[in-house]
Every structure is written in C-alpha cells, then in structure tokens.
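Take a look at the chain below before you read on. We'll go through its backbone quirks and then its strands.

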Amino acid sequence: MDATPEGSLAPQQGWWSRNWKWFVPVGCLGVLASCGCLGFALVGLGYSSLKNMDAFTEAVAIARSDAEVRTALGSPIDNGLPKQTSVRTVNGVTHARLAIPLDGPQADGMLHVDAKKQGEGEWRYDTLAVELEDGTRIDLRDDAPQAPDAFPEDEGAEEAPLPPPTEPPGGDEDAPERGRDSDIEL
C-alpha cells in the first residue's frame, strides 16, 4: 500500500533528476566519437586527394620505373604517407613540394619532389630525387647533371667556382616589381 494519500502535493522527480547519471557520460562519449570520426574523415579525404594529385602519382611512378632506384631499394617499391606536403597555386602556377617515403625489400629512401605546373600544362620538376638511407641521392630528372666520376679523366672533373651573387641594377626602386610575382611564404 502507498503511504501517501491520494492527491498529495509532494513534488515528483523530473526526467533530468532520474537520468543524469547515464546521460552525461553517454553524451560526452558521443561528442568525442563524433569529433574523432570527423577528424579521420578529413585526414582520409586529404590523403586521397593527395594520392590523386598528378604530381604525386607521376613522381612515384618515375621513381618506381627507374632502374637505379629499383637496384638500390629492391622491388616492389611501396610509397608511404608524405612527410612534408606543400601544394599552392598562385596566378595560375601550381607549385608542389613533397617528401614521400619509399619502402623496398632491400632498403628505404625518401623521394623529394619540387615541381611547378603552368595552368593545365605538364609538371616541370626542379627537384626529383631519391635519397637513400646512407645519404646518397639518385637524381631522376632527364636533364640531371652527371656525377663528377662520370667525366673522363682529362675533361673538367673539377668544377669552376661559382661567381658571387650580384644585385640587379636599380637598387630598391625595383623592389615592388619583384615582390609582385614572388612565391615566398612569410
């Protein structure tokens, strides 16, 4: 039997008073799980867009097809997540700078890429080289300079010293003109 008489004016507990002990932890875990899923989705989207970028795929394909790289790293060569990535477009010129780890059965290396593309043209590689674990670099560009030991003994095995850099004529009045097309990030 109920000890309170029917029609009693005693206040009853509300929903929050009865359920707060399970609602607070479940709500906090739900918010954390949502943030984690969003973070993973953004990282996955960024990596998939990078893998679809033609500078990335083209550079990895060039490295995998190079005989000297295959000899040094072994075959098959797998690429990992890029360690450093910078891709920007300024006035229709896209500049990509990437550092991509390469894993082979014999050794590991790092593919360094510094490339530019004008509009929808082809990528022009300023740097395209694989750096091996022992510090040697394999230059993959078609116009790569020959190694010093590739010269015959009598033909210019020693390099001439470079002249000191000079300032362009006109001093500081050319400064605004030079700064307009600059790719320097501050």
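Here is a short briefing on the backbone and the strand pairing.

This is a predicted model, where local features need pLDDT of at least 70, side-chain atom pairs count only at pLDDT 80 or more, and totals for chains, interfaces and linings use all residues. Residues are numbered from 1 along each chain as its sequence is written, and side-chain values use heavy atoms, with hydrogens and water left out. Helices (H or I, at least four residues) and strands (E, at least two) are DSSP runs, numbered from the N terminus.

**Backbone quirks**

- Most peptide bonds are trans, and most residues other than glycine have a negative phi.
- S75 and P76 are linked by a cis peptide bond, with omega about 5°.
- You'll find P76 in the loop that runs between α3 (67–73) and β1 (78–79).
- N91 isn't a glycine, yet its phi is positive, near 55°.
- N91 sits in the loop between β2 (84–90) and β3 (93–103), and N91 is exposed (over 50% relative accessible area, 1.4 Å probe, protein chains only), at 64%.

**Strand pairing**

- Two strands count as paired if DSSP finds at least two bridges between them.
- β3 pairs with β4 (residues 108–118) in the antiparallel sense, over eleven bridges.
- One of the bridge partners is V113 in β4, which matches up with L98.
- Four residues make up the hairpin connection from β3 to β4.
- β4 also runs antiparallel to β5 (residues 124–132), with eight bridges joining them.
- H112 has A129 in β5 as its bridge partner.
- The β4–β5 hairpin has five residues between its strands, and G119 in that turn has a positive phi of about 60°.

Technical notes
Buried < 20%, exposed > 50% of the residue type's maximum accessible area, 1.4 Å probe, protein only.
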